[in-house]
Amino acid sequence: IMIQKLRSLLVKYWDILTYLVFGVLTTVVNYAVYLPVYNFCGISAAVSNMIAWVAAVAFAFLTNKPFVFHSHDWSAQTVLPELTKFVSCRIASGALETVILFLSVDCMNWNGNIWKLVTQVLVIIINYVGSKLLVFRKK
């Protein structure tokens, strides 16, 4: 009975669980680019974030499309609208994140590594909602 309950919970929350897994991996990609650019290249937090954003969005689209939202049609007529909507949603959350980093780190000199983490939590939530409601909607 316990295994059946666990199985039904996994089925019920599978999209959220897989999104969280790939959200964490996307955050790792984002950090893997942001941290060296910000800490070793001396580039501002806002610009470092924009560079990391490009890598993270590419990774997120390529993983979220098939594994989270079960969209397996890779034809141009399907991918181009999905990609356009996906990037549009990510531009909104990426702009918000960049503004927060610009104000908190570049203007107020707060810790860029900590504020990057704070903004990532907000971005993951916004991106899930946007992807679920706008990009990979079930037909």
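# Exercises on a four-helix chain

Asp 15 is a residue of helix H1. The model used in these exercises is predicted.

**Exercise 1.** Decide whether Asp 15 counts as buried or exposed, and state how far Asp 15 is from Lys 132 in sequence and in space.

Solution.
- Step 1. The relative accessibility of Asp 15 is 16%.
- Step 2. Buried means under 20% relative accessible area, so Asp 15, at 16%, counts as buried.
- Step 3. Along the sequence, Asp 15 and Lys 132 are 117 residues apart.
- Step 4. In space, their C-alpha atoms are 9.4 Å apart.

**Exercise 2.** Describe the protein chain as a whole: its secondary structure, its spans and its share of buried residues.

Solution.
- Step 1. Count the elements: the chain has four helices and zero strands.
- Step 2. Write them in sequence order, which gives the pattern α-α-α-α.
- Step 3. Take the spans of the C-alpha trace along its principal axes: about 50 × 40 × 20 Å.
- Step 4. Of the 139 residues in the chain, 37% are buried.

**Exercise 3.** Work out how H1 and H2 are arranged relative to each other.

Solution.
- Step 1. Locate the helices: H1 covers residues 2–40 and H2 covers residues 45–68.
- Step 2. Their axes come within 8 Å and cross at roughly 150°.
- Step 3. An angle over 145 degrees counts as roughly antiparallel, and H1 and H2 are therefore roughly antiparallel to each other.
- Step 4. The handedness of this crossing is right-handed.
- Step 5. Sorted by class, the residues of the contact between H1 and H2 are 18 nonpolar, seven polar and one charged.

**Exercise 4.** Repeat the analysis for H3 and H4.

Solution.
- Step 1. H3 covers residues 76–107, and H4 covers residues 112–135.
- Step 2. The two helices pack at an angle of about 155°, and their axes are 9 Å apart.
- Step 3. The same cut-off of 145 degrees applies, so H3 and H4 are roughly antiparallel to each other.
- Step 4. H3 crosses H4 in a right-handed sense.
- Step 5. The contact of H3 with H4 has twelve nonpolar, eight polar and five charged residues.

**Exercise 5.** Find where H3 bends, and give the phi of Asn 109.

Solution.
- Step 1. The bend in H3 is at Leu 101 and amounts to about 25°.
- Step 2. Asn 109 comes just after H3 and has a positive phi of about 60°.

**Exercise 6.** Identify the salt bridges and say which helices they join.

Solution.
- Step 1. Recall the principle: side chains of opposite charge can pair when their charged atoms come close.
- Step 2. The structure holds two salt bridges.
- Step 3. One of them pairs the side chains of Lys 65 and Glu 82, with an N to O distance of 2.6 Å. The cut-off for a salt bridge is 4 Å.
- Step 4. Lys 65 belongs to helix H2 and Glu 82 to helix H3, so this pair ties together parts that are 17 residues apart in sequence. Both Lys 65 and Glu 82 are buried.
- Step 5. Lys 116 forms a salt bridge with Glu 97, and their closest N and O atoms are 3.0 Å apart.
- Step 6. Because Lys 116 is in helix H4 and Glu 97 in helix H3, the pair ties together parts that are 19 residues apart in sequence. Lys 116 is buried, and Glu 97 is buried too.

Definitions and conventions: Residues are numbered from 1 along each chain as its sequence is written. This is a predicted model: local features need pLDDT of at least 70, side-chain atom pairs count only at pLDDT 80 or more; totals for chains, interfaces and linings use all residues. Side-chain values use heavy atoms; hydrogens and water are left out. Axes are lines fitted to C-alpha atoms, for helices over the stretch in contact, and angles run from 0 to 180 degrees between N-to-C directions. Angles under 35 degrees count as roughly parallel, over 145 as roughly antiparallel, 65 to 115 as roughly perpendicular and the rest as oblique. A crossing is left-handed if the near helix is turned anticlockwise from the far one by less than a right angle, and right-handed if clockwise. Ala, Val, Leu, Ile, Met, Phe, Trp, Tyr, Cys and Pro count as nonpolar, Asp, Glu, Lys and Arg as charged, and the others, Gly among them, as polar. The bend at a residue is the angle between axes fitted to the seven residues ending there and the seven starting there. Buried means under 20% relative accessible area, exposed over 50%, partly exposed in between (1.4 Å probe, protein chains only).
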